Amino acid sequence: MLDKLGTKGIAGVVCLLSGIALVAVQAPLVAAGIALVVAGMGLVAGGLAENVMKMFGMA
């Protein structure tokens, strides 16, 4: 997975995790909510990408 992300993608993941960790220090419940929202958006984006690829006959 890391080879497909590239440098910018890895930096983005690091920033994302750092931000959630920073929030978790002050408010663990809020950080859990943010993590769930981010995971949900990732699942939605993955589903959309999969459907578009199927539409073009690539998957």
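Me: Before I look at Glu-50, which cut-offs separate buried, partly exposed and exposed?
Reply: Buried means under 20% relative accessible area, exposed means over 50%, and partly exposed is in between. This model is predicted. Glu-50 has 42% relative accessibility, so Glu-50 counts as partly exposed.

Me: How do I apply that to Lys-54: what is the relative accessible area there?
Reply: Read the percentage against the cut-offs. Lys-54 has 47%, so Lys-54 is also partly exposed.

Me: What do the side chains of Glu-50 and Lys-54 form?
Reply: Look for a Lys or Arg side-chain nitrogen within 4 Å of an Asp or Glu carboxyl oxygen. Here Glu-50 and Lys-54 meet in a salt bridge, at 3.5 Å from N to O. The structure holds 1 salt bridge.

Me: Where do Glu-50 and Lys-54 lie, and how many residues apart?
Reply: Check the element, then the spacing. Both residues are in helix H2, which covers residues 28-55. Their spacing is 4 residues, about one turn of the helix.

Me: How many helices and strands does the protein have?
Reply: Count each kind of element. The protein has 2 helices and 0 strands. Helix H1 takes in residues 2-26, and helix H2 takes in residues 28-55.

Me: How do I judge the overall form: what is the radius of gyration, and what would a compact globule of 59 residues have?
Reply: Set the value beside the globule rule. The protein has 15 Å, whereas a compact globule of 59 residues would have a value near 10 Å. Then take the spans. Along the principal axes, the C-alpha trace covers about 45 × 25 × 10 Å.

Me: What share of the residues is buried, and what share of the accessible surface belongs to carbon and sulfur atoms?
Reply: Take burial, then surface make-up. Of the 59 residues, 3% count as buried. The accessible surface comes to about 4,900 Å², and carbon and sulfur atoms account for 78% of that area.

Me: Which residues form a nonpolar patch on the surface?
Reply: Look for nonpolar side chains that are joined and accessible. Leu-5, Ile-10, Val-13, Val-14 and Leu-17 form such a patch, with about 390 Å² of accessible area together. One of them, Val-13, sits in helix H1. Val-13 is at 36% relative accessibility, so Val-13 counts as partly exposed.

Me: Is Met-41 buried or exposed?
Reply: Use the cut-offs again. Met-41 is at 54%, so Met-41 is exposed. Met-41 lies in helix H2.

Me: What separates the C-alpha atoms of Met-41 and Ala-27?
Reply: Compare chain separation with distance in space. Met-41 and Ala-27 are 14 residues apart along the chain, and their C-alpha atoms are separated by 21 Å.

Methods:
Residues numbered from 1 in each chain as written. Predicted model: local features only at pLDDT ≥ 70, side-chain atom pairs only at ≥ 80, totals over all residues. Heavy atoms only, no water. Buried < 20%, exposed > 50% of the residue type's maximum accessible area, 1.4 Å probe, protein only. Rg over C-alpha atoms; globule rule 2.2 N^0.38 Å. Areas by Shrake-Rupley, 256 points an atom, 1.4 Å probe, with all protein chains shown as cover. Patch = residues over 30% accessible without salt bridge, like charges linked within 9 Å, V, L, I, M, F, W, Y side chains within 5 Å.
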